[in-house]
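Hi,

Here is the structure I promised to pass on. Have a look at it first, and then read on for what turned up in it.

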Amino acid sequence: MYSGITGTWICLFFHYSERMLITMIKGRTVNLRRITVSDLPMVIEWWQDRELMKYYDELPVNSPSEMEHILRQNISAMDRIDYIIETKKKDPIGRVFLSRINREDRNLEIHIMVGKKNRRNMFFGAEAAFLMLLHAFHRLGMHKVYGRVLEYAKEAESLQKEMGFTREAVLKKRYFQRGKYRDALLYGLLDREFENILKLPKGQKYLAASQGNNKAIG
């Protein structure tokens, strides 16, 4: 039997964990489902795509065993949630994940990757990002969401701006990509700023499509 501060923290932990165990988030044109080890072959294909990976701060991984180890670590991590982006026809086209989930300060980092070349347009990425932001702010109770963009990743930067993020800092020469050190642009979005986005027509559109369409474990 637990009581006092210890019992309170345990209750908060289970309450927070329950909110994280959402297996499916449905939108208008895409769904987000929790990643599993069975997704490894597809994730390997994306991780080995050097043209794709040069736009992210992750290096290509060539060893399948190393990739499996990383994927299993990500799935079991307490400060991270990974989803696969699927079309309404259940065609996997990318992944989106929340990392560095800080429960005490209520902030986290968002990452979006559309892996399939013929699906790499802002439309799918924008809805996937919006659904994840809804999850972060409304279900996980975050105060702030932030993201990093490499200096030459113009589409990713446009997506951040489309979602209401504002540039907060430049991390000078942070990553070595395409033969030289590159800056990373840090973007941030507060909960109150996201609520203002929801009042706009595009926000109302995504919000209406997502309400009541989430499935949880249990």
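Before we start: helices and strands here are DSSP runs, numbered from the N terminus, and a strand needs at least two residues. With that in hand, R182 is easy to place: it sits in strand β8, which covers residues 180-190. Please keep in mind that this is a predicted model.

Let's stay with R182 for a moment. Is R182 buried or exposed? Its relative accessibility is 12%, and buried means under 20%, so R182 counts as buried. Its side chain makes a polar contact with the side chain of E151, at 3.5 Å. Leaving aside residues up to four places away in sequence, R182 touches E151, Y152, L171, K173, R174, Y175 and Q177.

Now the overall picture. The protein has eight helices and nine strands. Of its 218 residues, 46% are buried. If you take the contacts with a separation of 6 or more, 64% of them are between residues 24 or more positions apart.

Next, the nonpolar cores. In soluble globular proteins, nonpolar side chains tend to be buried together. The largest core here has 45 residues, and the members that touch the most others are L32, L98 and L133. Helix α5 gives this core its largest share, eleven residues. A second core, of ten residues, lies apart from it and includes L40, M67, L71 and I84. If you want one residue to click on, try L32: not counting residues up to four places away in sequence, its contacts are T23, M24, I25, Y83, I84, I85, V96, A128, L131 and M132.

Then there are the aromatic rings. A pair of them is described by the distance of the centres and the angle of the planes. How many aromatic pairs does a search of the whole structure find? The count is three. In one of them, the ring centres of F137 and F194 are 5.0 Å apart and the planes are at 25°, so this pair is stacked. F137 belongs to helix α5 (residues 122-139) and F194 to helix α7 (residues 191-198), so the pair ties together parts that are 57 residues apart in sequence. Both F137 and F194 are buried. Another pair is F176 with Y181: their centres are also 5.0 Å apart, but here the planes are at 70°, so the pair is edge-to-face. F176 is partly exposed, at 48% relative accessibility. Ring pairs also join F130, F137 and F194 into a cluster.

Two arginines lie over ring faces. R80 is over the face of F97, 3.9 Å from the ring centre. R34 is over the face of Y83, 5.7 Å from the ring centre.

A few helices are worth turning around on your screen. An α-helix has 3.6 residues a turn, so residues three or four places apart point the same way. In α7, the buried residues are F194, I197 and L198. Looking down the axis of α7, you'll find them within an arc of 100°, so they line one face of the helix. In α6 (residues 154-162), E157, L159 and Q160 are buried. These three cover an arc of only 155° around the axis, which puts them on the same side of α6. K154, E155 and K161 are exposed on the other side of α6. Helix α2 (residues 40-47) is mostly covered, with six of its eight residues buried: L40, M42, V43, I44, W46 and W47.

Last, some backbone angles. Most residues other than glycine have a negative phi. Which residue in strand β4 (residues 92-102) should you check, then? R100 is found there, and its phi is positive, about 50°, although R100 is not a glycine. R100 is partly exposed, at 46% relative accessibility. K173, in strand β7 (residues 166-177), also has a positive phi, near 50°. K173 is partly exposed too, with a relative accessible area of 47%. Just after α6, G164 has a positive phi of about 95°.

Enjoy exploring!

Technical notes. Residues numbered from 1 in each chain as written. Predicted model: local features only at pLDDT ≥ 70, side-chain atom pairs only at ≥ 80, totals over all residues. Heavy atoms only, no water. Phe/Tyr/Trp six-rings, centres within 6.5 Å; stacked < 30°, edge-to-face > 60°. Helix = DSSP H or I, 4+ residues; strand = E, 2+ residues; numbered from the N terminus. Buried < 20%, exposed > 50% of the residue type's maximum accessible area, 1.4 Å probe, protein only. Lys NZ or Arg CZ within 6 Å of the ring centre and 35° of its normal. Core = buried A, V, L, I, M, F, W, Y, C linked by side-chain atoms within 4.5 Å. Contact = heavy atoms within 4.5 Å. Arc of directions from axis to C-beta. Polar contact = N/O pair within 3.5 Å; in protein donor to acceptor, adjacent residues only side chain to side chain.
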